[in-house]
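The following note comments on helix packing and on surface character. Please read it alongside the sequence and the structure displayed below.

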Amino acid sequence: MTKPGRRPRGRPDVSPWPFVGMAGMACAFFLYAASGLVAPWWAVVVLLVVWVALFVVACAWWSLHPRWVPGLAVFAIVLWFVSVTAGGALLGWSA
C-alpha cells in the first residue's frame, strides 16, 4: 500500500513524444532521400548529411528533452522545403 500522494515504485512513465518525433524524422528522411528527383547529386549529399546531423540530435534528445524531438522533426521538414524551394528559385533546380 502506498501513502496518499505518492506513486508506487516500478517502471517510470514513458513519454510518447520521442516516438512521435522519430516517426517524423523517418518521414523527413524520405523527403531528403527523394530530393534527387529535383536537386543535383551534391545537394542531395549535403541534405542527407544535414539529416544525419539532425537525427543524431534527435537521438541525444530522446531522454534529455523528449518533448523537443517532434519539434526537431518539424524543423527538419521545414528546412528541407526551404532548401529545395530556394535551390529551385536561386540555382535553377528542376525535375
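**Note on helix packing in the predicted model**

1. This is a predicted model, and the first point concerns side-chain contacts. From α2, the residues L47, V50, L54, V57, A58, W61 and W62 meet a set in α3 that consists of V69, L72, F75, A76, L79, W80, S83 and V84. By class, the residues of this contact comprise 14 nonpolar, one polar and no charged.

2. The geometry of this pair is as follows. Helix α2 covers residues 41–64 and helix α3 covers residues 69–90; their axes come within 10 Å and cross at roughly 170°. Since angles over 145 degrees count as roughly antiparallel, α2 is therefore roughly antiparallel to α3.

3. Helix α1, residues 17–33, also packs with α2, at an angle of about 175° and with the axes 10 Å apart. This angle makes α1 roughly antiparallel to α2. On the α1 side the contact is formed by P18, F19, M22, M25, A28, F29, Y32 and A33, and on the α2 side by V44, L47, L48, W51, L54, F55, A58, C59 and W62. The residues of the α1 contact with α2 divide into 17 nonpolar, no polar and no charged.

4. Which residues form a nonpolar patch on the surface? They are W41, W42, V45, V46, V49, L90 and L91, with about 820 Å² of accessible area together. Helix α2 supplies the largest share of this patch, five residues; V46 is located in that helix.

Conventions
Residues are numbered from 1 along each chain as its sequence is written. This is a predicted model: local features need pLDDT of at least 70, side-chain atom pairs count only at pLDDT 80 or more; totals for chains, interfaces and linings use all residues. Side-chain values use heavy atoms; hydrogens and water are left out. Axes are lines fitted to C-alpha atoms, for helices over the stretch in contact, and angles run from 0 to 180 degrees between N-to-C directions. Helices (H or I, at least four residues) and strands (E, at least two) are DSSP runs, numbered from the N terminus. Angles under 35 degrees count as roughly parallel, over 145 as roughly antiparallel, 65 to 115 as roughly perpendicular and the rest as oblique. Contact means heavy atoms within 4.5 Å. Ala, Val, Leu, Ile, Met, Phe, Trp, Tyr, Cys and Pro count as nonpolar, Asp, Glu, Lys and Arg as charged, and the others, Gly among them, as polar. Patches are made of residues with over 30% relative accessible area and no salt bridge: like charges are joined within 9 Å, nonpolar side chains (Val, Leu, Ile, Met, Phe, Trp, Tyr) within 5 Å. Accessible areas come from the Shrake-Rupley method with a 1.4 Å probe; for residues, only the protein chains shown count as cover. A salt bridge is a side-chain nitrogen of Lys or Arg within 4 Å of a carboxyl oxygen of Asp or Glu.
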